[in-house]
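Me: I'm new to reading protein structures and would like a close look at a single part of this one. Could you walk me through how a pair of helices meets, step by step?

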Amino acid sequence: TLPSSASARIPLPSGLQFEVLKTEGHARRGRLTLNHGVVETPIFMPVGTYGTVKGVMPRSLEEMGAQIILGNTFHLWLRPGMDVLRPFGGLHRFEGWHKPILTDSGGFQVWSLGDMRKISEEGVKFASPVNGDKLFLTPEVSMQIQHVLNSDVVMQFDECTPYIMGDKASGRLTTEKEARYSMELSLRWAKRCQLEFERLQNPNALFGIVQGGMFTHLRDESLAGLELLDFPGLAVGGLSVGEPKAEMLRVLEHIGPRLPAHKPHYLMGVGTPEDLVDGVANGIDMFDCVMPTRNARNGHLFTRYGDLRLRNTRYKTDERPLDESCSCYTCTNFSRAYLHHLDRCGEMLGPMLTSVHNLHYYLDLMREVRESLDAGGFEAFRRQFATDRARGV
Ligand SMILES: CNc1nc2c(CC[C@H]3O[C@@H](OC)[C@H](OC)[C@@H]3O)c3nc(N)[nH]c(=O)c3cc2[nH]1
Ligand SMILES: [Zn+2]
């Protein structure tokens, strides 16, 4: 008979295969096979928090080369709720996206609720920002929700360790002791997630999340603890939470290369185009960020040659496309003058067209990164990328 300890755990065949096709330094060109399809890495994942990438139709996402998008446990639990989603067999049929979906666990969103939440060993109690209902999100409930969503990649329920403790004004940095407690809590929650994920017999892939704040020795302990649980993929959490860029890079340069080479690595909530290229150079395969879509709605456009603020009057009569090197629908058919006009008039087509361009830019940047890795020219690409971005629009 099998020993009764955890070592008797019979891991389910997780819905994930990952192969590293090429490496250049710590950068990796890979292929991730999930239940709803194959994803070429490194990859950027558009954020679709409420079951929609704001203002962008699924067919436009396909057209621009999106391979996997994000959904969110916290938001979808509140609205539309699991009773609506269950009959659809999950998120794919509900939102008309039939390729892979990754869902975040709600840990980050609950953390950002601030003092409207109460954290305990068991989980997080909070009042619904939608209707004030008293809710209780635990590792087990997060797994049950993501099981209903049927997302291809399920994120563990974690606590995103803050960079600043308490209110921002106080500016008090999180101490090593606080970061340790938070990291160890997330490790205990990781184990509970895994047990529940297996009890549910979820056929998808569960990722652990490395915490530890800005303390590299805590990051190492978090990684070691997660490795004992042998998740099919790992994310780096607790970054892009208000820390200076140099701090994010210091932690990333430490932990990125230490992640297990044969598993996919996901850097959560990051970042600018420069952050993505730096992340790839430090062993990251997957990225998500609200920037391309959120900034698009505020007229902040990314281009090969730098950023462009659409509201600036200099674009009122500018007949050029946003980015003359871009092949997206927006750059192929419309001028900066037209987009400036739509923005001035508050026309809804404005954010739709600027979102298409920004997402296309991020996705195309990662396509160029993949091609440079295929050709063994990532370092050369990285230098050219930096030169181009400094040129000016
Ligand atoms: C922005 N910076 C940042 N985002 C972060 C997210 C949300 C990722 C992503 O999930 C999306 O929901 C679908 C979020 O956007 C609403 C975010 O893009 C994180 N999530 C978890 N579970 N743990 C973290 O430590 C964590 C750290 C982050 N830092
Ligand atoms: Zn474009």
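Reply: Here is a guided look at one helix pair, followed by a short stop at a sheet. Keep in mind as you follow along that this is a predicted model.

Let's start with the two helices. Helix H8 covers residues 216-229, and helix H9 covers residues 245-255. Two packed helices are described by the angle between their axes and the distance between the axes. For this pair, the axes come within 10 Å and cross at roughly 40°. Angles under 35 degrees would count as roughly parallel, and 65 to 115 as roughly perpendicular, so H8 is oblique to H9. The crossing of the two also has a handedness: it is right-handed.

Now zoom in on the residues that touch. From H8, the contact uses Thr216, Arg219, Asp220 and Leu223. Facing them from H9 are Arg250, Val251, His254 and Ile255. Sorted by class, this contact of H8 with H9 holds three nonpolar, two polar and three charged residues.

For a second kind of element, turn to the sheet. Three strands make up an open sheet, ordered E7-E8-E9, with antiparallel pairing. Strand E7 (117-119) and strand E9 (134-137) are the edge strands, each pairing on one side only. From one strand to the next, the twist averages 15°. If you follow E7 across to strand E8 (residues 124-127), you will find three bridges joining them. One pairing to look for is Arg117, whose bridge partner in E8 is Phe126.

Methods:
Residues numbered from 1 in each chain as written. Chains lettered and ligands numbered in written order. Predicted model: local features only at pLDDT ≥ 70, side-chain atom pairs only at ≥ 80, totals over all residues. Heavy atoms only, no water. Axes fitted to C-alpha atoms, helices over the stretch in contact; angles between N-to-C directions. Helix = DSSP H or I, 4+ residues; strand = E, 2+ residues; numbered from the N terminus. Parallel < 35°, antiparallel > 145°, perpendicular 65-115°, else oblique. Left-handed = near helix turned anticlockwise from the far one by under 90°. Contact = heavy atoms within 4.5 Å. Nonpolar A, V, L, I, M, F, W, Y, C, P; charged D, E, K, R; others polar. Pairing = 2+ DSSP bridges.
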